[in-house]
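Biologist: Could you take me on a close look at one part of this fold, starting with a helix pair and moving on to the aromatic rings? I am new to this, so please go step by step.

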Amino acid sequence: MEHLGHACPILYAAWCEAGLLSKEHLLTLRKVDSIVEGQPTPAIEAQIHNHGHIHFDLPKIIHDAPKIESLKVHLSEPPKYKLGDKIATCKTYGEALVKLGKTTSHLVALNGDTKNSTFAITYKNAFPERFVECFIVEQNLVGVGIGLGTRDCNVVFCSAFAAFFTRAFDQIRMGAISQTKVNFVGSHAGCSIGEDGPSQMAQEDFAMFRSIHGSVCFYPSDAVSTECAIELAANYEGITFTRTSRPETSVIYPNEEVFKIGQAKVVKSSEQDQVTVVGAGITLYEALAAYDKLKVEGIMIRVVDPFTLKPIHKDTLVECARATGGKIVTVEDHYPEGGLGEAVAGALSEELNIRVHRLAVTGIPRSGLCHELLELYRISSAHMIKAVKSMI
């Protein structure tokens with residue numbers, strides 16, 4: 001077509017074939033269109049001018065997609081880790097996908113040319129016929145994922161560096177409007193990834209995905225909680241986002257621990273707790289380090305792992321806040337806007353006499369070692385200790 005307007009006659013003809021226009025209306029539109037340099041549609045017009053009759057042979061709809069009775073999936077075997085084992089949650093993601101893939105032939109994994117880093121390659125190696133490489137076109141990655149999940153034909157997981165999903169926010173948003181069921185997994189998030197630098201350090205991923213209507217946002221901290229998060233995501237009716245971490249973290253939960261959407265875990269507690277500290281992912285371990293150091297000084301804190309940032313577990317937060325004199329510190333490897341701190345503050349906004357002290361990344365991160373950056377951006381255990389002491 002030489003001009004965009006030439007598409008109009010084709011649309012008119014299509015509407016006529018679909019029964020949305022009568023022959024008379026089609027001819028009227030063609031006459032109007034000819035005034036503004038319309039382009040004829042030969043196959044249609046030939047039939048229109050055939051002695052004033054019009055006839056279309058429409059092909060029958062072919063229902064050749066296999067009917068799937070249920071897409072409820074589960075891990076082929078439970079987590080098998082030892083307390084204290086160190087493993088990156090991004091690596092666990094790939095292993096969890098394989099476990100799910102063994103229980104259904106309808107799990108499809110897609111990746112945006114980062115499969116070695118997101119560990120989607122683990123699933124590709126196990127089930128190459130169920131893996132789609134979409135390369136560095138995240139908008140296409142999301143679009144293909146939404147298409148594969150149409151009519152509940154597949155369980156779909158799309159993975160990439162968390163920062164790169166910002167390129168596809170429009171597609172993700174429109175997917176939610178269309179009530180799609182797709183799971184997004186973003187790795188290499190926060191300044192804790194270290195040397196890769198700010199272009200790859202997602203600091204706004206939770207702000208983006210929390211704004212998606214009906215979404216669930218997981219932030220597992222160890223291998224056990226990651227496997228459970230991926231299993232829960234696979235069975236959720238809607239969009240999910242799971243943030244995985246690059247640094248290796250210790251297994252802190254027993255293999256039989258039960259996780260639920262919207263249910264937090266109290267990791268450390270006592271009757272002497274003075275402040276509640278909420279950390280997730282890498283900052284949960286900084287909170288545990290702060291717990292150990294403060295305990296030596298005779299200061300007890302309660303440590304909470306939210307597991308999901310959306311929905312956030314309000315009941316646990318309120319209970320812990322009341323037990324610690326209404327004092328809460330949140331610590332996140334994320335910008336202050338839209339992340340853990342705002343989720344906690346929002347959940348407690350109607351509660352009286354609760355103070356929330358938020359620690360978050362407030363500057364544009366730079367390249368460096370993980371522990372250096374946590375210290376530089378004031379989300380390390382040392383800065384948690386200062387925040388706790390400022391509240392007691």
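Modeller: Happy to! Keep in mind that this is a predicted model. Let's begin with two helices. Helix α7, made of residues 138–148, packs with α8 at an angle of about 20°, and their axes are 8 Å apart. Angles under 35 degrees count as roughly parallel, so α7 is roughly parallel to α8. As for handedness, α7 passes α8 in a right-handed crossing.

Now follow the chain to the rings. A pair of aromatic rings is described by the distance of the centres and the angle of the planes. Searching the whole structure turns up 12 aromatic pairs. One of them joins Phe165 and Phe184, with 5.5 Å from centre to centre and 75° between the planes, an edge-to-face arrangement. This pair links distant parts of the chain: Phe165 is in the loop between β4 (155–161) and α8 (169–177), while Phe184 is in strand β5 (residues 183–187), and the two are 19 residues apart. Both partners are hidden from the surface, since Phe165 is buried and Phe184 is buried too.

A second pair makes a nice contrast. The ring centres of Phe206 and Tyr219 are 5.3 Å apart and their planes meet at 45°, so this pair is tilted. Here too, distant parts of the chain are linked: Phe206 belongs to helix α9 (residues 205–210), and Tyr219 to the loop between β6 (216–218) and α10 (223–234), 13 residues apart. Phe206 and Tyr219 are both buried.

How do these two pairs fit together? Ring pairs link Phe165, Phe184, Phe206, Phe209, Tyr219 and Phe241 into a cluster. The four rings we have just visited therefore belong to one cluster, along with Phe209 and Phe241.

Rings can also have a charged neighbour over the face. Arg130 lies over the face of Phe127, 4.0 Å from the ring centre. In another such arrangement, Lys265 lies over the face of Phe259, at 4.9 Å from the ring centre.

Finally, a word on the cysteines. The structure holds 0 disulfides. Cys90 has a relative accessible area of 2%, and buried means under 20%, so Cys90 is buried. The same reasoning works for Cys320: with a relative accessible area of 2%, Cys320 is buried.

If you want to trace this on the screen, a good path runs from the crossing of α7 and α8 to the edge-to-face pair of Phe165 and Phe184, and then on to the tilted pair of Phe206 and Tyr219.

Definitions and conventions:
Residues numbered from 1 in each chain as written. Predicted model: local features only at pLDDT ≥ 70, side-chain atom pairs only at ≥ 80, totals over all residues. Heavy atoms only, no water. Phe/Tyr/Trp six-rings, centres within 6.5 Å; stacked < 30°, edge-to-face > 60°. Helix = DSSP H or I, 4+ residues; strand = E, 2+ residues; numbered from the N terminus. Buried < 20%, exposed > 50% of the residue type's maximum accessible area, 1.4 Å probe, protein only. Lys NZ or Arg CZ within 6 Å of the ring centre and 35° of its normal. Disulfide = S-S within 2.5 Å. Axes fitted to C-alpha atoms, helices over the stretch in contact; angles between N-to-C directions. Parallel < 35°, antiparallel > 145°, perpendicular 65-115°, else oblique. Left-handed = near helix turned anticlockwise from the far one by under 90°.
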